[in-house]
Structures are given as C-alpha cells and as structure tokens.
Amino acid sequence: MILLDGKKTSADLKVEIAESVKKLKTEGKKTPHLAAILVGTDGASMTYVNAKVKACELVGFNSTLIDLPEETSEETLLKEIQNLNNNNDIDGFIIQLPLPKHINEQNVLMAVNPDKDVDGFHPTNVGKMTLDLPSFLPATPFGILELLERYNVETSGKHVVVIGRSHIVGRPMSILMSQKRPAGNATVTVAHSRTKNLKEFTLQADIIIAALGIPEFLTGDMIKDGVTIIDVGITRVEDATKKRGYRLAGDVDFKSVSPKSAFITPVPGGVGPMTIAMLLKNTLLACERKS
Ligand code: NAD
C-alpha cells in the first residue's frame with residue numbers, strides 16, 4: 001500500500017509556486033494577489049480561510065481577507081464582489097462556502113468575474129472545463145488529478161467510481177476523469193444518494209473517489225484488492241480524547257480499506273492540503289495570464 005501523501009506533495013507544489021513568484025518579482029512583474037471573502041463566524045470556514053491566507057504568505061503572494069458579519073445582506077456582498085472584480089491588483093478571489101442561508105449562493109457565484117474565479121465555480125469556467133478548454137479547474141478535483149499524476153497512478157482504461165455528485169467535487173471529478181488527459185481516459189460511474197446496490201459498483205472499481213461526507217462509509221468489504229482510494233471527506237467527529245473535542249474523519253474506513261489498497265489518501269494529510277495548493281496554482285495562473 002502506497003500512501004498518496006498530500007501534505008508532502010502540496011509542500012513540493014508550494015516550493016515550485018514560490019520559485020515562480022520569485023521569478024516574477026525579479027523580472028519586475030506583478031506579485032500574485034488572492035482575496036478571500038468570509039461571511040459569518042463558522043468555525044470550519046474560518047479555519048479554511050485562515051489556512052488559505054497563511055499559504056499565500058508562504059509562497060510570497062499578497063493576500064486580502066474581507067471578513068463580513070453573519071447578517072451581511074446579499075446586496076452588500078455583491079457590492080464587495082464588484083469591488084474585487086474592478087480592482088486591478090486582485091488577480092483572483094474566492095467566497096468561502098457555505099454562505100448564510102439568507103444569501104443566494106448562485107447569485108453570488110455568478111457575480112464573480114470568470115477571469116478571477118480561481119475556485120472555478122462560475123458557469124463559464126464549468127462550461128470551459130466540460131469542453132476541455134483552458135479554464136480554472138475547481139481546486140479539489142484539480143488537486144486529486146495532480147496527486148494521481150505525481151504518483152503515476154494509471155487511470156487510462158480504468159473503472160473509476162465517484163461517490164457523490166456535488167458541484168464542487170463529485171460532478172467535476174467525474175467529468176475530468178473521463179476526459180483525454182494524463183490523469184483521465186477512465187470509464188466513470190457516478191454514484192449518489194439514490195444509487196441502489198452501491199457495493200456492486202465499488203467492488204468493480206479500480207479507483208474509488210469518495211466524496212459524500214459520511215464518516216468511514218466505505219469499508220473493506222466494499223472493495224477489491226489493488227484498488228486506488230481517494231478520500232475527499234472531512235467531517236468533524238466528536239472525540240473527548242482530543243484537546244479540541246473532535247477529530248477529522250474521512251469517508252473511508254482506513255483500517256479495513258488500506259490493507260487491500262494499492263494507493264490511498266490519508267485523512268488528514270491527503271486531499272485537503274492539495275486543495276489549498278491548487279488554489280494558489282490557479283491564482284498564479286490568473287496573474288501570469290494578465291501579464
Ligand atoms: P455534498 O454534501 O454537497 O454532496 C454529497 C454527495 O454525496 C451528494 O451528491 C449525495 O448524493 C452523495 N451521497 C450522500 N449519501 C450518499 C450515500 N449513502 N451513497 C452514495 N452517495 C451519497 O458534499 P461535498 O461538498 O461534495 O463534500 C463531500 C465531503 O468532502 C464532505 O465531507 C466535505 O467536507 C469534503 N470536502 C473536502 C474537501 C477537501 O479539500 N478535502 C473539499 C470539499 C469537500
């Protein structure tokens with residue numbers, strides 16, 4: 001069993017990005033600048049946004065965090081987005097999800113200039129991705145492709161079962177894996193909450209991408225030997241033995257699944273760190289495209 005080490009791979013990526021930033025600076029070009037909007041005080045969202053800002057500092061980017069109160073109106077948020085769209089110094093920006101219930105997520109994501117949409121959530125970028133045109137790939141699926149490539153996991157002609165059909169992970173992942181690309185050319189099955197007899201599909205899979213958000217859902221009896229496992233899930237599970245009162249659980253029961261796997265991502269330290277690294281990569285691309 002080989003661990004697909006997202007912590008190490010993302011650290012390597014950050015070194016590469018930092019080198020590109022240094023080169024831009026010595027050439028007198030613009031320093032990449034990422035902005036993030038956070039609405040409210042959700043604990044997990046605050047942790048993610050702070051990690052993104054810290055990662056910017058590490059690679060030499062400029063960063064701006066716009067911290068708005070929970071009661072911010074949709075109109076105010078849309079104005080903030082217009083400001084970022086019009087600000088030439090900002091190369092890319094993200095709106096941390098989920099948003100408070102009174103704000104329409106679609107309206108917000110549609111307001112982002114697609115050229116600055118480094119999360120790759122705008123329909124223009126989703127459409128371009130689907131047509132295999134240059135676009136910003138959503139960070140989590142982009143990170144998974146990068147991990148598969150860097151560990152030389154063979155995907156061509158393989159049967160990939162993606163569990164979950166969300167707009168940010170499952171759906172784009174299924175599209176990307178079926179495309180003609182280095183980590184692609186696979187035969188893809190998309191499973192979701194209405195799928196019957198899921199085990200029949202997972203037992204046939206060469207690669208399983210679990211993105212459903214149910215801790216330790218995929219167990220050893222559901223997979224064949226030699227499978228590659230990508231565990232996207234991150235759920236906070238109460239744990240009194242931990243100082244912070246919880247532990248992070250993936251969608252895969254690592255204990256029963258890892259002995260049968262050829263490759264597997266751990267949680268934490270697998271897909272999570274890759275997501276942040278790919279957001280930086282998209283921001284670098286956005287900056288380079290402008291110059
Ligand atoms: P989501 O809730 O939007 O979607 C979950 C999907 O799982 C749905 O499409 C649903 O149909 C499917 N599903 C639910 N129950 C199922 C079942 N019993 N069998 C088969 N399919 C089922 O979730 P999401 O935003 O895609 O996130 C999924 C998980 O990945 C969460 O734990 C989330 O925290 C995590 N996540 C991690 C990262 C990262 O960087 N590592 C990024 C995004 C999401």
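This passage describes two annotated spans, two helices and a few individual residues of a predicted model.

Two domain annotations from UniProt, both in an unreviewed entry, give a convenient way into the fold. The annotation "domain: Tetrahydrofolate dehydrogenase/cyclohydrolase catalytic" is listed by UniProt for residues 4–119. That span is 50% helix and 16% strand, and its end C-alpha atoms lie 23 Å apart. The annotation "domain: Tetrahydrofolate dehydrogenase/cyclohydrolase NAD(P)-binding" covers residues 138–290 in the UniProt record. Here the composition is 33% helix and 20% strand, with 20 Å between the end C-alpha atoms.

Helix α1 is a good place to begin the closer look. With 21 residues, α1 reaches 30 Å from its first C-alpha to its last, close to the 30 Å expected at 1.5 Å a residue. Its buried residues are Gly6, Thr9, Ser10, Leu13, Lys14, Ile17, Val21 and Leu24. Viewed down the axis of α1, these buried residues fall within an arc of 140 degrees, so they line one face of the helix. In an α-helix there are 3.6 residues a turn, so residues three or four places apart point the same way. On the other side of α1, Glu19, Lys22, Lys23 and Thr26 are exposed. The cover over the buried residues of α1 includes α2, α6 (139–150) and α10.

Helix α2 can be read in a similar manner. This helix spans residues 43–59, and its 17 residues reach 25 Å from first C-alpha to last, close to the 24 Å expected at 1.5 Å a residue. Ser45, Val49, Lys52, Val53, Ala55, Cys56 and Val59 are buried in α2. They cover an arc of only 155 degrees around the axis, which puts them on the same side of α2. Lys54, Glu57 and Leu58, on the other side of α2, are exposed. The partners of the buried residues are α1 (6–26), β2 (33–39), β3 (62–68), β4 (92–95) and α10 (271–290), against which they pack. Just after α2, glycine 60 adopts a positive phi of about 90 degrees.

Helix α10 is also worth a visit, through leucine 284, which lies in this helix. Leucine 284 has a relative accessible area of 8%, and because this is under the 20% cut-off, the residue counts as buried. Not counting residues up to four places away in sequence, leucine 284 touches Ile17, Ser20, Val21, Leu24, Pro32 and Phe61. Ile17, Val21 and Leu24 are also among the buried residues of α1. Leucine 284 and phenylalanine 93 are 191 residues apart in sequence, and their C-alpha atoms are 12 Å apart in space.

Threonine 72 offers a view of a loop, the one between β3 and α3 (74–86). Its relative accessibility is 7%, and threonine 72 therefore counts as buried. Leaving aside residues up to four places away in sequence, threonine 72 touches Val39, Leu77, His102 and Ile103. Between threonine 72 and glycine 40, which are 32 residues apart along the chain, the C-alpha separation is 8.3 Å.

Aromatic rings complete the account. A search of the whole structure finds 0 aromatic pairs. Phenylalanine 136 nevertheless has a charged neighbour: arginine 289 lies over the face of its ring, at 4.6 Å from the ring centre.

Technical notes: Residues are numbered from 1 along each chain as its sequence is written. This is a predicted model: local features need pLDDT of at least 70, side-chain atom pairs count only at pLDDT 80 or more; totals for chains, interfaces and linings use all residues. Side-chain values use heavy atoms; hydrogens and water are left out. UniProt positions are given in the numbering used here, feature names are shortened, and annotations may be inferred rather than shown by experiment. Helices (H or I, at least four residues) and strands (E, at least two) are DSSP runs, numbered from the N terminus. The expected span of a helix is 1.5 Å times one less than its number of residues. Buried means under 20% relative accessible area, exposed over 50%, partly exposed in between (1.4 Å probe, protein chains only). The arc is that of the directions from the helix axis to the C-beta atoms. Contact means heavy atoms within 4.5 Å. Rings of Phe, Tyr and Trp (its six-membered ring) pair if their centres lie within 6.5 Å; planes under 30 degrees apart count as stacked, over 60 as edge-to-face and the rest as tilted. A charge sits over a ring if NZ of Lys or CZ of Arg is within 6 Å of the ring centre and within 35 degrees of the ring normal.
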